[in-house]
Every structure is written in structure tokens, then in C-alpha cells.
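Colleague: I would like a close look at a single part of this model, namely the sheet and the helices that pack around it. Please take me through that part slowly, and say how far the coordinates can be trusted.

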Amino acid sequence: MAWAQIRHSPSRLLAVLLAVVLSAMMLAGTVVFQATSTASMATVTAAPLRPVDVIIDPGDADVKSLKPSWAEDVLAKANVGGKVRATAPYYAATVTAYGSAARGTANVYSVSRDPSLRWFGLESGDWPASADQVVVSRDTADGLGVNVGGTVTLKSSDGTKRVVTVSGINDVRFKPMTGTDYAIYADPSYFGEATPGELFVKLDDPSDIDAVTERLAATARADGVTAVEGSEMIRQASAMMAGGSTQLTVIMAVFAVIALLCAMMVISSTYRTLIAQRTRDIAMLRLIGAKRANIRSLVLSEALITALAGTIIGALVGAGGGYAAMVAMGQAFGGFAANPFLLADSPPTRSCWRERCSCPLRRRC
């Protein structure tokens, strides 16, 4: 009978349905936006570290106070050379890049000479083999107006200019979240005698990670630096980067709560009006033998059908809209992500049910 009532007069529940849809959209959109943003940040942060088994890191020490061989010295003192497959010093520098079409701030990162420690492949061209060759991302190539074989002028903070040749274009589909316009990858020789920020270590046998990390950590601690597993560094970096989306998520959550409160008020007032308009129908049902519990079940069944329909529609539209927003912003690197428990928890449906239970039906029956 509840379904028959809805089919007979669907327009009377339109305001309630719309309120549930809008609140569900806001809640689902917030959940998807936050989860997708976090997944994207984790992807960007973790990508360069995924091939790495152990990282020798300066920790709290000032890199400028360390000598260029500080990380290699830790590795030599730990005497784990027989278990190490490859190592790669990690450098990063910020420069101004001048291309044929534009100029902008760029970060220059070192790329390992050993394939086992490279975290991306090439779309075209070759790997840099000297200090005057670099690999760039497709976005960087398009932005600077260069291609394989073209040249880019890099100006460092001290005013030194270097002309480098683009030897290849990588297959990275995202830009590292560093606040710069372009991403450039160079051979370690590009950085000359600079002190590396970290040393990436690849082991022959991954099962030795715990033992090697423990030995390296003990040696590094004696030198005032640290050594951690690559997976642990990924976890720490991802947790730190995830905080970048917290403020926006909080703002969206506030609006979602406002939408939910507005939906509850609309649902309550609308259902009170509907019950008042159906006094004669309720009286007729009572006259033909319907009990008070039957009437209450009828109205609550209508409420449940409307709430479920609105929640499903709103959740689907909100989830799709949240992901579409991330795609439009170019930040959906980690793909679609959402906490299924948060999506399954349906506040619009529950609040809708509670509001209908608080209607004046008891008195009018």
C-alpha cells in the first residue's frame, strides 16, 4: 500500500526526495574527494620510493654540514656490501627553466643509473648519460615547447646557467607536488660535487631488509644520521602529505553537515504537512479496521522507500561528482578511492527515518 501511495502521488514526496538526494550527494562527494585526494598524494609521494629497499637519510642533521660521501661512508662501515645490489644518491635542486615557448620554476631530480632503482620508464628517447642531458615529463615538454633533441637553459639560484639537451621524455602522468611548474630528471653527474640528500639502496634479497636495515641504522646512528626501510619512509611521507587535503576536507564536511541539517528540517516540516493533509485518509483506514501500528508502518514504509531511493541516487551522483572534480583538477593520479564503510553508513536515510518517527502521527491516530 505504501508503494501504491507513492506511485499515486509522487509529487508530494518530491521535496523530501530532493532533500535526501542533496544531503547524500554532499556526504558521498566529500568522502570520495577526500579519499581520492589522499590516494593521489600517496601515489605521488610513494612513486620514487617504491623500488627502494632501504634509505640512508640525514634525519635531523643539516645536509649542508655533511660531506658529499656521508651516505656511502655509512654503507661502507656497515659492511653489508655483499647484500647490496645497487645504490643511487638522491639529489634535488630548484632552478629556472627557459624553453622555446615558456619559462618557469622547475625542480631537477636525480635519476638512478641502475635500472632497478628507476621508478619510471621512457615514453620516447634515451636515459641521460652525462651532465648535459635530461629527461622531462610530457607536461614539462609541452609547457616549455621542447621535444627529444631540443635544448633547455637551466638557471640556478646563484645565477649559473647551463644548457642541457632533452634526451628523453618519461611516462610519468603526474607532476610531483612541489609547487613548481616543471619536473626535470638528470644524471647524478649534473649535480657535480653537491651533497646528496639521501642514498637509495636496493638489496639482492628482499628478505634481508630487516637485518640490513638494523645494521645500517646502528651504523648511521653513530654518525648522527638515520637508515629506514623504504616502506616505512613511504608511510611517513604519505601521512605527512595527506595533511594537505585536511583543510579542504573539513570545509566540505561543514557544508555537508549543513546540508544534512537542512534536509532534516525539510523532511520534518514536509512530513508534518503531509500527515495533516492525509487526516481523512488515515481516518478512513481506521474505520475499515486498520490499527494504529498499521498506519504508522504505512507512513514509515513510505519514508523508508523515499529515503533509500534518495540516498542511493545522491550517493551515486555525489561519488561520481567528487571523482569528476578530482579528474578536472588533474589530481586523480591514484584512481577512484573511497572508504566503503563511510559510504555504506547512510546518515540521510537514518535521519530521514528518525524525523518521520517524530511526526505527529501518534496524536492524529
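What pLDDT does the chain average, and what share of the residues score at least 70?

Modeller: This is a predicted model, and its chain averages a pLDDT of 81, with 85% of the residues scoring at least 70. Over residues 353-365, however, the pLDDT is below 50, although this stretch still has 31 contacts in the model beyond near neighbours in sequence. Where pLDDT is low, the predicted coordinates should not be read in detail.

Turning to the sheet, four strands form an open arrangement in the order β2-β10-β1-β11, and their pairing is antiparallel. Strands β2 (84-90) and β11 (226-229) stand at the edges, and because each has a single partner strand, one side of each is left without a neighbour in the sheet. From one strand to the next, the twist averages 20 degrees. In general, strands of a sheet pair through backbone hydrogen bonds, either parallel or antiparallel. Here the edge strand β11 is joined to β1 (residues 54-57) by four bridges, the two strands running antiparallel, and within this pair I55 stands opposite V228 of β11.

Helix α5 (residues 209-222) lies across β1, β10 (198-203) and β11, and its direction makes an angle of about 165 degrees with β11. The same helix also packs against helix α3 (residues 70-78), the axes of α3 and α5 coming within 9 Å and crossing at roughly 120 degrees. Angles of 65 to 115 degrees count as roughly perpendicular and those over 145 as roughly antiparallel, and α3 and α5 are therefore oblique to each other. The crossing of α3 past α5 is right-handed. On the α3 side the contact is made by V74, L75, K77 and A78, and on the α5 side by R215, L216, T219 and A220. By class, these contact residues divide into five nonpolar, one polar and two charged.

A second helix pair can be set beside this one. Helix α8 (residues 279-287) and helix α9 (residues 292-328) pack at an angle of about 140 degrees, and their axes are 10 Å apart, which makes α8 oblique to α9. The crossing of α8 and α9 is also right-handed. In this pair I282, L285 and R286 of α8 meet R292, I295 and L298 of α9, so that by class the contact has four nonpolar, no polar and two charged residues.

Conventions. Residues numbered from 1 in each chain as written. Predicted model: local features only at pLDDT ≥ 70, side-chain atom pairs only at ≥ 80, totals over all residues. Heavy atoms only, no water. Axes fitted to C-alpha atoms, helices over the stretch in contact; angles between N-to-C directions. Parallel < 35°, antiparallel > 145°, perpendicular 65-115°, else oblique. Left-handed = near helix turned anticlockwise from the far one by under 90°. Contact = heavy atoms within 4.5 Å. pLDDT = per-residue confidence, 0-100. Pairing = 2+ DSSP bridges.
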